[in-house]
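Please open the model in your viewer and keep the selection tool at hand. The tour below moves from one selection to the next and says what is to be found at each stop.

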Amino acid sequence: MFCSLNNQLPLDFSHIPDCTGIFFYGVIQALNCRKGWQALFMTFSIRKGYLLLMVAVIAVIAVTAGIYFSKRVAGAVEDRQVSVMSWSVAGKVITVDPGHGGIDPGSKGSSGLEEATITLAVSEKLKTVLTGAGAKVVMTRESDIDYGASDGSSLLTRKRQDLAKRLAIAEKNKADIYLSIHVNCFKSGPGEHGAQVFYQPGSEEGQKLAESIQGEMVRVLGNTTRVAKAVDYYATRNSKMPAVIVELGFISNPREEKLLSAPEYQRKQAFAIYCGLVKYFAGNATAAESIDREDVLETLMQNKGHVFEAP
Ligand SMILES: [Zn+2]
């Protein structure tokens, strides 16, 4: 008989995992004496605590996974809806204005990355996805240029000339909307982050457009809770069509600067803006509205080979 817990156990538990071995050891001891029952109670307590911990860990993992997958499913459903509604941009003339360029590189990040480089990269990706859906995209620039006269005018005059020319390009092409792409900067607040869309105070259509794009940037990017805001800017004030300024994020925030430089994130940004446009035009569509099929087909043929999938 083995009454003491120090007694040698006559059974071989070496092939059973530690925890299970302790449990059986306690059971055998309990069958033989009072000390054994105490040991069994202790092993049950250890086992109970262990099980509770396991249940808690599994519950946390299950809830986290549930939230993650429900978000993924909801996101996939939203992307599918955008895909179904993509007809709404077909035939639309959309001016995409990559902010800055030429003598004006815009704001600069700590790594030396310039705003004008990011705005052009995202605008090009936006052009790809929009034209793939049958929209006609008018780019105000496709290289590092500006439209200010090089006649020795002040930088401010040259900047005004540049902005006026960009709006004139949109008007000449009878664009439906004007999107000016920029990057925000707040040197005294390096923690500031997140994309934000601005519209002209008092512009109902500008506000609708801005809110639609902002909503999709919040959904697709998943890293901003900012809301569309009314601010008086030269471009939105002087545009004859609904116009918005899309600030892609803060170049003054080193973490966001790194994101903004990444092609994959730029694609995500372009996709978010595209989703916002699709929803804006779908919301504005009327039963009487018709799509010029030939025009759309021609646009699609011109852009054959361009593929843009949801990131
Ligand atoms: Zn800017």
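Begin with residues 177-184, which form strand β3, and colour residues 243-250, strand β6, beside them: the two pair in the parallel sense over six bridges. Within this pairing, the bridge partner of Asn184 is Phe250 in β6. Please keep in mind throughout that this is a predicted model.

**The whole chain**

Now show everything as a cartoon, and nine helices and six strands will appear. Of the 311 residues in the protein, 36% are buried. Among contacts between residues at least 6 apart in sequence, 75% join residues at least 24 apart.

**The sheet**

Select the strands together, and you will have an open sheet of six strands in the order β2-β1-β3-β6-β4-β5, with mixed pairing. At its edges stand β2 and β5 (229-230), each with a single partner strand, so one side of each is left without a neighbour in the sheet.

Next, select residues 93-98, strand β1. Is this strand enclosed or open to its surroundings? Five of its six residues are buried, so β1 is largely enclosed by the rest of the structure. On one hand β1 runs parallel to strand β2 (residues 136-139), to which four bridges join it, and here Val93 stands opposite Lys136. To follow the chain between these two strands, add residues 115-132, helix α3, through which the chain crosses from β1 to β2 in a right-handed β-α-β crossover. On the other hand β1 pairs with β3, again in the parallel sense, over five bridges, and Asp97 stands opposite Ser180 in that strand.

**A turn in the loop after β1**

Select His100, which is found in the loop between β1 and α3. Although this residue is not a glycine, its phi is positive, at about 70 degrees. His100 has 25 other C-beta atoms within 10 Å, and is therefore buried, the cut-off being 20 or more.

**Helices on the sheet**

Keep the sheet on display and bring back α3, which lies across β1, β2, β3 and β6 and runs at about 145 degrees to β3. Then add helix α4 (residues 155-172), which packs on the sheet, touching β1, β2 and β3, with a direction that makes about 165 degrees with that of β1. If you place a distance label between the end C-alpha atoms of α4, it should read 25 Å, which agrees with the 26 Å that its 18 residues should span at 1.5 Å a residue.

Which residues of α4 are buried? They are Arg158, Asp162, Leu163, Arg166, Leu167 and Ala170, and the buried residues of this helix pack against β1, β2, β3 and α6 (234-238). Centre the view on Leu167, which is buried, with 22 other C-beta atoms within 10 Å. Leaving aside neighbours within four places in sequence, Leu167 is in contact with Ala235, Asn238 and Ser239. Its C-alpha atom is separated by 9.0 Å from that of Asp97, although the two residues are 70 residues apart along the chain.

Just after α4, select Lys174, in the loop between α4 and β3. Lys174 also has a positive phi, of about 50 degrees, although it is not a glycine. With 12 C-beta neighbours inside 10 Å, however, Lys174 counts as exposed.

Move on to residues 204-221, helix α5, which has 18 residues and reaches 25 Å from its first C-alpha to its last, close to the 26 Å expected at 1.5 Å a residue. Its buried residues include Gly206, Leu209, Ala210 and Ile213, and what covers the buried residues of α5 includes β3, β4 (196-199), α6, β6 and α8 (263-284). The helix is followed by Gly222, whose phi is positive, near 65 degrees.

**The nonpolar core**

For the last stop, select Ile94, Leu130, Val244, Val246 and Tyr274, which, of the 55 residues in the largest nonpolar core, touch the most other members. Two or more residues of this core come from each of β1, α3, α4, β3, β4, α5, β6 and α8, and α8 gives the most, with eleven residues. In soluble globular proteins, nonpolar side chains tend to be buried together.

Finally, centre on Val244: not counting residues up to four places away in sequence, those it touches include Leu179, Val197, Phe198, Tyr199 and Thr236. Val244 also touches Gly206, Leu209, Ala210 and Ile213, which are among the buried residues of α5.

Definitions and conventions:
Residues numbered from 1 in each chain as written. Predicted model: local features only at pLDDT ≥ 70, side-chain atom pairs only at ≥ 80, totals over all residues. Pairing = 2+ DSSP bridges. Right-handed = clockwise from strand over helix to strand, strands pointing away. Contact = placed C-beta atoms within 7 Å. Axes fitted to C-alpha atoms, helices over the stretch in contact; angles between N-to-C directions. Expected span 1.5 Å × (residues − 1). Core = buried A, V, L, I, M, F, W, Y, C linked by C-beta atoms within 7 Å.
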